[in-house]
Amino acid sequence: MIWLGIDTANSPLSVALVKDGRILCEQTSTFAQTHSIQAMPAIERLLSEASLRPADLEAIAVSEGPGSYTGVRIGVTLAKTLAWTLKIPLVGVSSLEVIAANGVPFEGVICPLFDARRENVYCGLYKSKGERLHRIWEDRHGALEQFLEDVACIDQPVLFIGTDVEIHKAAISARLGDQAIFAPFPQQLPRASQLISLAEQRIPASDIHQFVPNYRRIPEAEANWMKEQKQVKSHD
């Protein structure tokens, strides 16, 4: 089976082609360009390098969020459009889980983390059992301070992983001390081949028309609008 994997949920871009469990080609980059400019040309390059046509694709895996609203929307829209046009299955995977899978087989708890601004983070807790990854806490959005308080109650080493971990490294170390372990830089980037590996475990696929991003919180513009509506009603 030939899979296309697309991860644009955060600043890194990763796309890959996998056939029957073998990586044909993969591209992961952190260039400061918008994914709307990079993503489709990257997919076209990979197909060309693998001597494949879009019609040869048999399934698509996409990082469904959380992460950058714009990044998540670009990846999901692209994946849905291709899957619908080609009439092939679409499978979504948590962007936090994709990063967490880089930590397998760490003997402890794996914590993928993305910055969400204003001292907030997107994060989750996972544990590897053999070569498999299992979620032990639901992915969440919230204050870093509260999350670290919760993690401090776990009597196990915690591997923090993700390109945004460096932003909060000092705060994590100050609260958790030796309990916190930081993944080396080769493990910090999302890999679309890893995304595909996780997606293969989630067949049957999602309904293409019903599939939506998983933001884990509402957009700031929507939150501000709701706040304004409450203020208007309070003055009525």
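**Exercise 1. Determine the handedness of the crossing of H4 and H5, then describe the contact.**

Step 1. H4 and H5 cross in the right-handed sense; that is, the near helix is turned clockwise from the far one by less than a right angle, whereas anticlockwise would be left-handed.

Step 2. Place the helices. H4 spans residues 144-151 and H5 spans residues 165-176. Helices are DSSP runs (H or I, at least four residues), strands are runs of E (at least two), and both are numbered from the N terminus. The model is predicted: local features need pLDDT of at least 70, side-chain atom pairs count only at pLDDT 80 or more, and totals for chains, interfaces and linings use all residues. Residues are numbered from 1 along each chain as its sequence is written, and side-chain values use heavy atoms, with hydrogens and water left out.

Step 3. Take the geometry. The two axes come within 10 Å and cross at roughly 35 degrees. Axes are lines fitted to C-alpha atoms, for helices over the stretch in contact; angles run from 0 to 180 degrees between N-to-C directions.

Step 4. List the contact (heavy atoms within 4.5 Å). H4 supplies Leu-144, Leu-148, Glu-149 and Val-151. H5 supplies His-168, Ala-171, Ile-172, Arg-175 and Leu-176.

Step 5. Sort by class. The contact of H4 with H5 holds six nonpolar, one polar and two charged residues. Nonpolar covers Ala, Val, Leu, Ile, Met, Phe, Trp, Tyr, Cys and Pro; charged covers Asp, Glu, Lys and Arg; the others, Gly among them, are polar.

**Exercise 2. Find the strand order of the sheet on which H5 packs.**

Step 1. The open sheet has five strands in the order E8-E7-E6-E9-E10, with mixed pairing. Strands pair if DSSP finds at least two bridges between them.

Step 2. E8 (132-143) and E10 (180-182) are the edges, each pairing on one side only. The twist averages 25 degrees from one strand to the next.

Step 3. Check one pair. E6 (residues 109-115) and E9 (residues 158-161) are parallel over four bridges. Ile-110 stands opposite Leu-159 in E9.

Step 4. Add the helix. H5 touches E6, E7 (120-129), E9 and E10, and its direction makes about 155 degrees with that of E10.

**Exercise 3. Identify the helices that pack on the sheet E3-E2-E1-E4-E5.**

Step 1. This sheet is open, with five strands and mixed pairing. Its edges are E3 (22-29) and E5 (90-93).

Step 2. E2 (residues 13-19) and E3 run antiparallel, joined by seven bridges. Val-18 has Ile-23 in E3 as its bridge partner.

Step 3. H1 (residues 35-49) touches E1 (2-7), E2 and E3, at about 25 degrees to the direction of E2.

Step 4. H6 (residues 192-199) touches E1, E2, E3, E4 (59-63) and E5, at about 120 degrees to the direction of E1.

**Exercise 4. Characterise the largest cavity.**

Step 1. Set the criterion. On a 1 Å grid over the protein atoms alone, a cavity is a set of points where a 1.4 Å probe fits but cannot get out; lining residues have an atom within 4 Å of a point.

Step 2. The whole structure has one cavity of 30 Å³ or more. The largest cavity holds about 60 Å³. Volume is the space filled by probe spheres set on the points, which are joined across faces, edges and corners.

Step 3. The lining includes Asp-7, Phe-114, Thr-163 and Gln-188. By class, it has five nonpolar, four polar and one charged residues.

Notes
On a 1 Å grid over the protein atoms alone, a cavity is a set of points where a 1.4 Å probe fits but cannot get out, and a pocket is an open set with protein on both sides within 12 Å along at least five of seven lines; lining residues have an atom within 4 Å of a point.
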